[in-house]
Amino acid sequence: MSTPGRMPEPYGQGGGSNLADILERVLDKGIVIAGDIRINLLDIELLTIKLRLIVASVDKAKEMGIDWWEDDPALSTRARRDELTRENAELRERLERLEQLEPARAEEERS
């Protein structure tokens, strides 16, 4: 009768801390991946795609001056409020101008 041998460990067993360390380092320092794809036909450029990927933590991105998500109304409630406030101010200005024009038009119609 044979005894079964030791079963192999599942893939990635014990490597979790290494992966966590690598991820922490990448997010802390940041990493940039850049590439260009060009499609030419008979020396005529048909298509150029420029790819830029930055992987970093939010703090590191802000440190680098990248904060586009703060101004995007789809991603930030503050940006959404700011956009609504700006739109509201514009509408109030338009309404005020229209109200100023109305008495002048009424006078013209009377005379």
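# Exercises on salt bridges and a nonpolar patch

Lys62, Glu70, Arg78 and Asp82 are linked in a network of salt bridges, a salt bridge being a side-chain nitrogen of Lys or Arg within 4 Å of a carboxyl oxygen of Asp or Glu. The model is predicted: local features need pLDDT of at least 70, side-chain atom pairs count only at pLDDT 80 or more, and totals for chains, interfaces and linings use all residues. Residues are numbered from 1 along each chain as its sequence is written, and side-chain values use heavy atoms, with hydrogens and water left out.

**Exercise 1. Describe the order of the secondary structure elements and the burial of the chain.**

Step 1. Helices (H or I, at least four residues) and strands (E, at least two) are DSSP runs, numbered from the N terminus. The chain has four helices and two strands.

Step 2. Read from the N terminus, the order is α-β-β-α-α-α.

Step 3. Buried means under 20% relative accessible area, exposed over 50%, and partly exposed in between (1.4 Å probe, protein chains only). Of the 111 residues, 4% count as buried.

Step 4. Take contacts (heavy atoms within 4.5 Å). Among those in the chain with a separation of 6 or more, 19% are between residues 24 or more positions apart.

**Exercise 2. Locate the salt bridge partner of Asp82 and place both residues in the chain.**

Step 1. Asp82 is found in helix H4, residues 77-110.

Step 2. The partner is Arg78, with the closest N and O atoms 3.5 Å apart.

Step 3. Both residues lie in H4, four residues apart, which is about one turn of the helix.

Step 4. Asp82 is partly exposed at 43% relative accessible area, and Arg78 is partly exposed at 37%.

Step 5. Asp71 is eleven residues from Asp82 along the chain, and the C-alpha atoms of the two are separated by 8.9 Å.

**Exercise 3. Set out the salt bridge between Glu90 and Arg86 and the one between Asp36 and Arg52.**

Step 1. A search of the whole structure finds six salt bridges.

Step 2. The side chains of Glu90 and Arg86 meet at 3.1 Å, N to O. Because Glu90 and Arg86 are four residues apart in helix H4, about one helical turn separates them.

Step 3. Glu90 has a relative accessible area of 40% and is partly exposed; Arg86, with 45%, is also partly exposed.

Step 4. In the salt bridge of Asp36 with Arg52, the closest N and O atoms are 3.0 Å apart. This pair links distant parts of the chain, with Asp36 in strand S1 and Arg52 in strand S2, 16 residues apart.

Step 5. Asp36 is partly exposed at 42%, whereas Arg52 is exposed at 52%.

**Exercise 4. Identify the members of the nonpolar surface patch and the strands that supply them.**

Step 1. Patches are made of residues with over 30% relative accessible area and no salt bridge; like charges are joined within 9 Å, and nonpolar side chains (Val, Leu, Ile, Met, Phe, Trp, Tyr) within 5 Å.

Step 2. The members are Ile37, Ile39, Leu41, Leu42, Ile44, Leu46, Leu47, Ile49 and Leu51, with about 860 Å² of accessible area together. Accessible areas come from the Shrake-Rupley method with a 1.4 Å probe; for residues, only the protein chains shown count as cover.

Step 3. Strands S1 (31-41) and S2 (44-55) each supply at least two residues. The largest share, five residues, comes from S2.

Step 4. Leu46 lies in S2 and is exposed, with a relative accessible area of 55%.

Step 5. For the whole chain, about 10,500 Å² is exposed, with carbon and sulfur atoms supplying 55% of it.
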